[in-house]
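Trainee: Could you take me through a close look at the nonpolar surface patch, and then set it beside the nonpolar cores and the aromatic pairs?

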Amino acid sequence: MCEEEVASIRLSIKESLQNLDNYKAYLSSELVNVNSTREGVKCSIAKAKKEVEDKFESIEQQLLKALALRKKDILLAINDVANKDLEPLNNLEEKINGELETVEKLKIQGNDILEEEDSVISEKAEQTLKEINIQQNRYPNMPCISQTLSVTFEENHIECVNHIGEISMTGSLQIVTLAEQPGGMLVEWDDTFSDSESVTEYSGVQEYILQCCCTDNKGNHDGAVFNTVYNGEGMSHVVTDLEPHVSYTFRVCGRFGRDGRWSSWSIPRSGMTTLDPHEWSAEDCLNMNQLAIYQLSNKRRTATKVFPDSSKVLRSKTMSYRVETALQFKIDETGDDSNGDGIGLTTSSFDFSNSKQNLQCPGSVSINSKGLVYVNGNSMTTQMPAFKRGTVIIFEVNQLNPGKLRVSISVDDKQVTFDWAIEEKDDCTKLYFAMGFQHSGWQITV
């Protein structure tokens, strides 16, 4: 074999090894998700059991307290009835006993008189008869009482206990996709109804809440505080401002309408991004004399040209752009046009050390402020719209082979697609993004 064939084989082997590394990373990520989901299920089961234990202990204490209080109330009510109904009976009894005592005394007095001599009886007859012939009272009616007292109990309290608590599966909403983004994560969710849920209960969900928390690399989120990162009607969201190589856990819930009942949370899903966030390089903002040419803001995603008469190129902090993704720029403010202006992508071999370098040279693709597209320094015949305030430029790159990329550039509603030949030594999977403007006033957000 000749040297070129061997070199080609080496490149193929390297590309295959890179693919294997990517596949290994994917499998490792999926394994983390499997373990995270398993831990989520175990955590959910343990949490449900603890909730049952705690709730039934609380219910038991409340029931015992309520039963004791109810028993006390019923006994007090019975005592009130007893006092009300027994008082007239006690009064009557006291009166009758008084009459009986009087009758007994008169009987004794009458019997004593009968034992006397006839002369004594004749003498005391009128007085004695007057004393023992008393008025006899009759009590034909008993005092009126309130009612016949009785106590009844409903027998359905056991049935009520049998209906305490209800087991249901986790929320019908589940996270189906976690895709890493530069400094962020694309989270997508969908409805997956369980057998125990009504399909109509959560169907037609119109509002969702996505929450996120930082976890360890095993997906453990015990004690972590979830923060809401999205609230809206969409079924996907790109969570930004995430630290690379840090594990995050996500969960979602939803409801139908603004007044509907929120579903339970989905099973937590964990993931991490290995991609650096898109941001401009602070080091490139200074010229050789340490004079600020560009000013960064918005977490270094927005760059403003603040010093004129310098075409110094400002690049991204790292090669954060990955092929097969879209990269968007927005023109926030404009300045004067210059032929050397441009926004684009560069390879690692691009010479950023040259202070007079622009994006219209080998190792770059760019579009200038007048809408001209340059590929490795050569101008294309296609004319795109000129930059103005609010213009949105989108780059999308796909790999054709190790030395060739297919690039699409969209400006507002117009698009151009072309092939870009790069050096084979360059990494064709990641690129710098860059900008360069001659005059001040230009402000670009990535």
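Mentor: In this predicted model, a nonpolar surface patch of about 610 Å² is made by Val-52, Phe-56, Leu-63, Leu-64, Leu-67, Val-161 and Ile-164. Helix H1, which spans residues 3-114, gives the most to the patch, with five residues. One residue of helix H1 is Leu-64, and Leu-64 counts as exposed because its relative accessible area is 54%, where the cut-off is over 50%.

Turning from the surface to the interior, the largest nonpolar core has 38 residues, among which Phe-329, Ile-343, Leu-345, Ile-393 and Ile-409 touch the most other members. Several strands each supply at least two residues of this core, including E12 (326-333), E17 (392-401) and E20 (430-436), while the largest share, four residues, comes from E18. Leaving aside neighbours within four places in sequence, Ile-409 is in contact with residues including Ile-367, Val-373, Met-384, Ile-393 and Phe-418. A second, separate core of 15 residues includes Ile-175, Tyr-208, Leu-210 and Tyr-230.

As for the aromatic residues, the structure holds eight aromatic pairs. Trp-189 and Tyr-230 form a tilted one, at 5.9 Å centre to centre with 50° between the planes, and this pair links strand E2 to strand E4 across 41 residues. Trp-189 is buried, with a relative accessible area of 3%, and Tyr-230 also counts as buried, at 16%. Phe-329 and Phe-433 form an edge-to-face pair, at 5.9 Å centre to centre with 70° between the planes, which links strand E12 to strand E20 across 104 residues. Both Phe-329 and Phe-433 are buried, and ring pairs link them with Trp-280 and Phe-395 into a cluster.

Notes:
Residues are numbered from 1 along each chain as its sequence is written. This is a predicted model: local features need pLDDT of at least 70, side-chain atom pairs count only at pLDDT 80 or more; totals for chains, interfaces and linings use all residues. Side-chain values use heavy atoms; hydrogens and water are left out. A nonpolar core is a set of buried Ala, Val, Leu, Ile, Met, Phe, Trp, Tyr and Cys residues joined through side-chain atoms within 4.5 Å. Buried means under 20% relative accessible area, exposed over 50%, partly exposed in between (1.4 Å probe, protein chains only). Contact means heavy atoms within 4.5 Å. Patches are made of residues with over 30% relative accessible area and no salt bridge: like charges are joined within 9 Å, nonpolar side chains (Val, Leu, Ile, Met, Phe, Trp, Tyr) within 5 Å. Accessible areas come from the Shrake-Rupley method with a 1.4 Å probe; for residues, only the protein chains shown count as cover. A salt bridge is a side-chain nitrogen of Lys or Arg within 4 Å of a carboxyl oxygen of Asp or Glu. Rings of Phe, Tyr and Trp (its six-membered ring) pair if their centres lie within 6.5 Å; planes under 30 degrees apart count as stacked, over 60 as edge-to-face and the rest as tilted.
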